[in-house]
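Reader: I am new to protein structures. Can you show me how to read one, step by step?

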Amino acid sequence: CHALEDDTRKIGPSLYDVGKRLTKGEIYESIMAPDKVIAKGDPPYAGGTMTKSLDTNNFYKQMTPADYQALVDWLATKKGGE
């Protein structure tokens, strides 16, 4: 759903440089409330898609606090080829 190795647009915005664009706190918030702030895109990204996907896959029920920390830390390293 999200590109990791380049800035290609998919169903969701690329995470290639998410660590450059967002703080760790913003990354965490984006995981916990993924439809609170929708990234700009053309055409616009559909609201509600991420929450529905995560809920359907029981993402939040499977994650531990350590999992969240590891995911945020890893995403924060994504600086877009720096």
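Author: Start with the helices. A helix here is a DSSP run of H or I with at least four residues, numbered from the N terminus. This is a predicted model. Read along the sequence, its protein chain gives the pattern α-α-α-α-α.

Reader: How many helices and strands are there in the protein chain?

Author: Five helices and zero strands. The radius of gyration is 13 Å, close to the 12 Å that the globule rule gives for 82 residues, so the chain is as compact as a globular protein of that length. The C-alpha trace spans about 30 × 30 × 20 Å along its principal axes.

Reader: What share of the 82 residues counts as buried?

Author: 22% of them. Now look at contacts between residues at least 6 apart in sequence: 54% join residues at least 24 apart.

Reader: How do I describe two packed helices?

Author: Use the angle between their axes and the distance between the axes. Take helix 2, residues 24–32, and helix 5, residues 65–76. They pack at about 125 degrees, with axes 9 Å apart.

Reader: Why are helix 2 and helix 5 called oblique to each other?

Author: Roughly perpendicular ends at 115 degrees, and roughly antiparallel starts over 145. The angle of about 125 degrees falls in between, so helix 2 and helix 5 are oblique. Helix 2 passes helix 5 in a right-handed crossing.

Reader: Which residues meet there?

Author: From helix 2, K24, I27, Y28, I31 and M32. From helix 5, Y68, L71, V72, D73, L75 and A76. By class, this contact of helix 2 with helix 5 has nine nonpolar, two charged and no polar residues.

Methods:
Residues numbered from 1 in each chain as written. Predicted model: local features only at pLDDT ≥ 70, side-chain atom pairs only at ≥ 80, totals over all residues. Heavy atoms only, no water. Axes fitted to C-alpha atoms, helices over the stretch in contact; angles between N-to-C directions. Helix = DSSP H or I, 4+ residues; strand = E, 2+ residues; numbered from the N terminus. Parallel < 35°, antiparallel > 145°, perpendicular 65-115°, else oblique. Left-handed = near helix turned anticlockwise from the far one by under 90°. Contact = heavy atoms within 4.5 Å. Nonpolar A, V, L, I, M, F, W, Y, C, P; charged D, E, K, R; others polar. Rg over C-alpha atoms; globule rule 2.2 N^0.38 Å. Buried < 20%, exposed > 50% of the residue type's maximum accessible area, 1.4 Å probe, protein only.
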